[in-house]
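The exercises below are to be worked with the sequence and the structure side by side. Each task is followed by a solution that proceeds step by step.

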Amino acid sequence: MVCGIRGRPPKLFWVLLCSIASTIFLLYILGDRRSAAPAVVASMADIRLELVTIIREELTKMETRVKYLEDDSLLKKMEYKTIAEIPNKEYPKIRLLAQSEKKRILVTGGAGFVGSHLVDWLMLDGHEVTVVDNFFTGRKSNVEQWIGHENFELRIHDIVTPMMIEVDEIYHLASPASPVKYMFNPIKTIKTNVVGTLNMLGLAKRVKAKLLLASTSEVYGDPLENVEVRVARIFNTFGPKMHMFDGRVVSNFIIQALQWKPLTISFPGNQTRSFMYVSDLVRGLILLMKSNYSLPVNLGNPEEHTILEFAQIIQQELGVGTQITMMPSAQDDPRRRKPDITKAKKFLNWHPTVPLRAGIRNTVKYFKSVLNDTEFFSHSSQ
């Protein structure tokens, strides 16, 4: 049975739809053979029951994914409105560097939350920047202001496939970071982190480039032989351009507060987190790349807050009086998260400087600006 679909729908959706349609057709044929022998009929009945079970399971999975895509559709609809070509486009003023000072820099995942802020910093500093992103989590609108600039190049590419490019430095940030994204496609996340990282290490070795690996706060590593590697262990980061439906505590609380919904926290609420503003992180990444320190370095804000305290800060900054609701504690939810930044202070002369409340105000302002042209606020009060 052949299914032909026009347009540009999600591939997985149509594969499942064709499979289900084919299965329903098979069930119809099987169910219509009433003249078959009793044993064959019984066997067919078992097959039909098993197929129905499979269909129900696939439909449940599809509903979960479609719900996620619906939540994500607000941003996706707006994204392509903002990246249209702009006549006589004006770019931010950049620093003019001598050719000997200008570096060729590759940023994988450069259209993502942290990556796009890093790109802004590097472009303003006068370097040539190439962004590689497959837009699994990144958005073109995050780097829109640089599209067309002579120092900027955007490549739509998945780093699971090797690439050829000549660069001096590589900031390897490509990996889904939010729970919603990496749970949506865990195999893709694993391939990006393993195969993609090996490809970037191979590229760095071939062109003799320095590579900075953005790791999670739970990964430790050693320098790779014959490759100059820097490893940053990144702790909770927030700020403008972060995905509003990424499932993280900052975005969850802000969205809930803007909708005047109860702020949901995991029981008991006294588990601690530390939150670092994105500009502090970008400054730390650049200092680490420039340094001669090759062991892993923690980049985070050691200022701890309980989740309950943080929810109350969000309420105060947004001026809302919504309730705080306790939810069952998540499995493997860490009780405490506080980075030790002794090495960052000693070897990079780095520490976070942006106050938590100032960062929250900037993030809320960004959320409001993005959502202002949608129907979000009109639905939030219903």
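A crossing of two helices counts as right-handed if the near helix is turned clockwise from the far one by less than a right angle, and as left-handed if it is turned anticlockwise. The model to which this is applied is a predicted one.

**Exercise 1.** Describe how helix 3 and helix 7 cross, and list the residues that make the contact.

*Solution.* Two packed helices are described by the angle between their axes and the distance between the axes. Here helix 3 spans residues 113–124 and helix 7 spans residues 278–290, and their axes come within 10 Å and cross at roughly 65°. The handedness of this crossing is right-handed. On the side of helix 3 the contact is made by F113, V114, H117, L118, W121 and L122, while helix 7 contributes V278, S279, L281, V282, R283, L285 and I286. Sorted by class, these are 10 nonpolar, two polar and one charged residues.

**Exercise 2.** Determine which parts of the chain the salt bridge between R206 and E166 ties together.

*Solution.* Side chains of opposite charge can pair when their charged atoms come close. The cut-off for a salt bridge is a nitrogen-to-oxygen distance within 4 Å, and R206 and E166 meet at 3.3 Å, N to O. Because R206 lies in helix 5 and E166 in the loop between strand 3 (152–156) and strand 4 (169–172), the pair ties together parts that are 40 residues apart in sequence. By the rule applied here, the count comes to 11 salt bridges.

**Exercise 3.** Locate the backbone features at P268 and K208.

*Solution.* The peptide bond from F267 to P268 is cis, with omega near 10°, and P268 lies in the loop between strand 8 (263–266) and strand 9 (272–274). K208, although not a glycine, has a positive phi of about 60°, and this residue is found in the loop between helix 5 and strand 5 (210–216).

Methods. Residues are numbered from 1 along each chain as its sequence is written. This is a predicted model: local features need pLDDT of at least 70, side-chain atom pairs count only at pLDDT 80 or more; totals for chains, interfaces and linings use all residues. Side-chain values use heavy atoms; hydrogens and water are left out. Axes are lines fitted to C-alpha atoms, for helices over the stretch in contact, and angles run from 0 to 180 degrees between N-to-C directions. Helices (H or I, at least four residues) and strands (E, at least two) are DSSP runs, numbered from the N terminus. Contact means heavy atoms within 4.5 Å. Ala, Val, Leu, Ile, Met, Phe, Trp, Tyr, Cys and Pro count as nonpolar, Asp, Glu, Lys and Arg as charged, and the others, Gly among them, as polar. A salt bridge is a side-chain nitrogen of Lys or Arg within 4 Å of a carboxyl oxygen of Asp or Glu.
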